[in-house]
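Please open the model in your viewer and keep the sequence panel beside it. The stops below each begin with something to select and then say what is there.

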Amino acid sequence: MDGIQNILKFLTNQKNVIGYSFMALLTLGGERLFSIVAFRCPCSAENFAYGMVFLFAPAWVLLIIGYFLNSRMWRLFTGCCVNPRKIFPKGNSCHFFYVFGQITLNALVAPMMWLSVALLNGTFYECAMSGTNNPHLLKIICKDKSSQCWNELHKVACGKTSMPLEDTQELKLTLQAQSQILGWCVVSTAAFFSLLTTCYVRCRSKISHLQMKFWKTYADQEKEQFDKTFLEYASRLSERNLKCFFENKKPDAFPMPTFEAWEAASELYSFNRTQQHYSTLHRVVEDGQGIISEEIETTLDFVDNRVDV
């Protein structure tokens, strides 16, 4: 029993790593499925457009899905047309761009994985670049090749050229090598940028490492308890309403938060050193469910940097 609990504890502590690993496996599987089942290079003048669509369109779709699945996105934008101060608070109009930037970085994880896997595989890039009409690129690709390369490059991906087999294979390998080089550039750049931004956020942190660790633990526990309490109160309220409806009697009082409290608790959290609150809900409760002050010191986004799978 203790072994099972230790395993569950380990999995819980490593949920970010597991989430990213699961996302990487899905991306790899999706790319292979596209390459084998759906992708058919036309070997014509449409090669470039066709290859680029398969390379970038899924990444764009994954970016949109990443926005949709990010709960902070909807906490930020819900009601913003009615109350613009929600996304542009008084005294800190840049708050919106900072938070939206953090949301975008999280949403970019899946698209970057797709681009990396697709480029490392080389199929889409090979098809796209074999259909290029750019004279500079053609000069680089067809360097030291016969004039047939300029006219039949679009057929290289299908192996239907009239060029010698050695030249055709060399062109395919060259295009695949270029694709893999770009893929590793994407991987290394994304890894370095991720490290750089994480180091910057930690260097700018105004709280200690131990308090940050406690903060993350509290945020996880609050979210878990929030979901359970939502289910409990929704069940009790629906049970009361159904009972009163069928028994045709007046309902008993059922305490609920005010609209102001709901609105205040729905805001993204911002940290203020004068008050040691660990979430928006914590601050709403401490302030007596009043309207939260619009003064913001700095946002600690590491609390919300979790993978939504």
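Is F100 buried, partly exposed or exposed? With a relative accessibility of 25%, F100 counts as partly exposed, where buried means under 20% relative accessible area, exposed means over 50%, and partly exposed lies in between (1.4 Å probe, protein chains only).

Before going further, note that this is a predicted model, in which local features need a pLDDT of at least 70 and side-chain atom pairs count only at pLDDT 80 or more, while totals for chains, interfaces and linings use all residues. Residues are numbered from 1 along each chain as its sequence is written, and side-chain values use heavy atoms, with hydrogens and water left out.

**Confidence colouring**

Colour by pLDDT, the predictor's confidence in each residue, from 0 to 100. The protein averages 80, and 83% of the residues score at least 70. Among its elements, helix α1 (residues 2–13) has the lowest mean pLDDT, 50, and α3 the highest, 91; helices here are DSSP runs (H or I, at least four residues), as strands are (E, at least two), numbered from the N terminus. Select residues 290–309 next: the pLDDT is below 50 over this stretch, which nevertheless has 63 contacts in the model beyond near neighbours in sequence, a contact being heavy atoms within 4.5 Å. Where pLDDT is low, the predicted coordinates should not be read in detail.

**Aromatic pairs**

Now show the aromatic side chains, among which the structure holds 16 aromatic pairs. Rings of Phe, Tyr and Trp (its six-membered ring) pair if their centres lie within 6.5 Å, and planes under 30 degrees apart count as stacked, over 60 as edge-to-face and the rest as tilted. Select Y67 together with F100: this pair is stacked, at 5.7 Å centre to centre with 5° between the planes. Because Y67 lies in helix α3 (residues 47–69) and F100 in helix α5 (residues 95–107), the pair ties together parts that are 33 residues apart in sequence. Y67 is buried, at a relative accessible area of 18%.

Move on to F214 and Y278, whose ring centres are 5.1 Å apart and whose planes stand at 75°, so the pair is edge-to-face. This pair links distant parts of the chain, 64 residues apart, with F214 in helix α11 (residues 209–247) and Y278 in the loop between α12 (259–265) and α13 (280–286). F214 is partly exposed, at 45% relative accessible area, whereas Y278 is buried, at 11%.

Also in view should be R236, which lies over the face of Y233 at 4.8 Å from the ring centre; a charge sits over a ring if NZ of Lys or CZ of Arg is within 6 Å of the ring centre and within 35 degrees of the ring normal.

**Nonpolar cores**

Select F39, Y50, F54, W114 and F124, which form one aromatic cluster. Then widen the selection to the largest nonpolar core, a core being a set of buried Ala, Val, Leu, Ile, Met, Phe, Trp, Tyr and Cys residues joined through side-chain atoms within 4.5 Å. Of its 23 residues, F39, L55, W114, F124, C149, L153 and L171 touch the most other members. The elements giving two or more residues to this core are α3, α6 (109–121), α7 (123–129), α8 (135–141) and α10 (165–203). Centre on L55, which, leaving aside its neighbours within four places in sequence, is in contact with W114, L115, A118, L119 and F124. A second, separate core of 11 residues includes L63, I87, I103 and A107.

**Cysteines**

Finally, show the cysteines: with a disulfide taken as a pair of cysteine sulfur atoms within 2.5 Å, the count comes to two. C41 is joined to C127, S to S 2.1 Å, and the torsion about their S-S bond is about 85°, so this disulfide is right-handed. C41 lies in the loop between α2 (15–38) and α3, and C127 in helix α7, 86 residues apart; both cysteines are buried.

In the other selection, C43 and C158, the sulfur atoms are 1.5 Å apart. The torsion there is about 95°, so the disulfide is right-handed. C43 is buried, at 14% relative accessible area, and C158 is partly exposed, at 32%.

End at C199, whose sulfur is 6.1 Å from the closest cysteine sulfur, in C203, too far for a bond. C199 counts as partly exposed at 37% relative accessibility, while C203 counts as exposed at 68%.
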